[in-house]
Amino acid sequence: MATKKSVSSLNDADLKGKRVFVRVDLNVPLDDNFNITDDTRIRAAVPTIKYLMDHGSKVILCTHLGRPKGVTPKYSLKPLVPRLSELLGVQVKMANDCIGEEVEKLVAELSDGGVLLLENVRFHKEEEKNDPEFSKKLAALADVYELDYLVGAVANPKKPFAAIVGGLKVSTKIGVIESLLGKVDILILGGGMMFTLYKAQGYSVGSSLVEEDKLDLATSLVEKAKAKGVSLLLPTDVVIADKFAADANSKISTGGGASLELLEGKELPGVLALDEATPVAV
């Protein structure tokens, strides 16, 4: 079994000259001209990448952008390269795919401290299906292919233990959420999935994204949290707008307690009853 370590415990002996595969979240928003409008996620990844670079690793970055159906030029990661290069202080190389002979050649040419960004992994339908053969092809690119920051914390947590999980859909996070319910005292959920959970509790969420076929699943998660004595918390601040765009007419609404137990029998805090409004999670 592969040895699991935190990034900070890795040193030159572990990293120098090694090909390190890093799954990062660089799913940043782009405008119509493919300019980055918010580089927060890129900046958040920089410390880890620089640590690996400084210890002589050959860094291979893997990420996705949007939800393309096959190879879709507008979802290419190429627009990210200039900003990523600027923040890292090196010229980041870019592959035209995430697997295949060309990618293997680029990895072989990487110098110690070099960085290669793989093309959007979601150009391959196998990525979202967790296809084992696709995973093997990605893993074959590197010597160190998993940097697991949470193993130690989750295996032996200090109490009280809280976890924060964000995401667009409840369905894609169900495994993580159910696992955490057996370990945490407080579970904070954010992102678009919050609206499915709110609607499952009978609250109006305007035209926000909701997984209508997962309402029963959302209800069962709330019941499981109660049964295990876990405080399940949702955001109390939302932005309400007439469209999902930078120039939208918008308003921030704040409400009362975030606990689902406290919401029972009350109007949903943070969501205004405006027919043309679209609540968007902050």
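In helix H2, residues Ile42, Arg43, Val46, Ile49, Lys50 and Met53 meet Arg83, Leu84, Leu87 and Leu88 of helix H3. By class, this contact of H2 with H3 holds seven nonpolar, no polar and three charged residues. The model is predicted. H2 spans residues 40–54 and H3 spans residues 81–88. Their axes come within 10 Å and cross at roughly 55°. That angle falls outside the parallel, antiparallel and perpendicular ranges, so H2 and H3 are oblique to each other. The crossing of H2 past H3 is right-handed.

The chain as a whole has 10 helices and 10 strands. It comprises 282 residues, of which 41% count as buried. Among contacts with a separation of 6 or more, 67% join residues 24 or more positions apart. The exposed area of the chain is about 15300 Å². Carbon and sulfur atoms supply 52% of that area.

Helix H9 takes part in two of the packings described here, with H7 and with H8. Helix H7 covers residues 174–181, and helix H9 covers residues 215–227. The two pack at an angle of about 15°, and their axes lie 10 Å apart. Angles under 35 degrees count as roughly parallel, and H7 and H9 are therefore roughly parallel to each other. Their crossing is left-handed. On the H7 side, the contact is made by Ile174, Ile177, Glu178 and Leu181. On the H9 side, Leu217, Leu221, Lys224 and Ala225 take part. The residues of this contact of H7 with H9 divide into six nonpolar, no polar and two charged.

The packing of H9 against helix H8 (residues 193–200) has an angle of about 85°, with the axes 8 Å apart. The range from 65 to 115 degrees counts as roughly perpendicular, so H8 and H9 are roughly perpendicular to each other. H8 contributes Thr196, Leu197, Lys199 and Ala200 to the contact, while H9 contributes Leu215, Ala218, Thr219 and Val222. By class, the residues of the contact of H8 with H9 are five nonpolar, two polar and one charged.

Two individual residues were also examined. Gly190 lies in strand S6, which runs over residues 186–190. The relative accessible area of Gly190 is 15%. Buried means under 20%, so Gly190 is buried. Leaving aside residues up to four places away in sequence, Gly190 touches Val165, Gly166, Gly167 and Pro235. Gly190 and Leu234 are 44 residues apart along the chain, yet their C-alpha atoms are separated by 6.3 Å.

Phe34 occupies the loop between strand S1 (19–23) and H2. The phi angle of Phe34 is near 65°. This is a positive value in a residue other than glycine. The relative accessible area of Phe34 is 40%. Buried residues lie under 20% and exposed ones over 50%, so Phe34 is partly exposed.

Technical notes: Residues are numbered from 1 along each chain as its sequence is written. This is a predicted model: local features need pLDDT of at least 70, side-chain atom pairs count only at pLDDT 80 or more; totals for chains, interfaces and linings use all residues. Side-chain values use heavy atoms; hydrogens and water are left out. Helices (H or I, at least four residues) and strands (E, at least two) are DSSP runs, numbered from the N terminus. Buried means under 20% relative accessible area, exposed over 50%, partly exposed in between (1.4 Å probe, protein chains only). Contact means heavy atoms within 4.5 Å. Accessible areas come from the Shrake-Rupley method with a 1.4 Å probe; for residues, only the protein chains shown count as cover. Axes are lines fitted to C-alpha atoms, for helices over the stretch in contact, and angles run from 0 to 180 degrees between N-to-C directions. Angles under 35 degrees count as roughly parallel, over 145 as roughly antiparallel, 65 to 115 as roughly perpendicular and the rest as oblique. A crossing is left-handed if the near helix is turned anticlockwise from the far one by less than a right angle, and right-handed if clockwise. Ala, Val, Leu, Ile, Met, Phe, Trp, Tyr, Cys and Pro count as nonpolar, Asp, Glu, Lys and Arg as charged, and the others, Gly among them, as polar.
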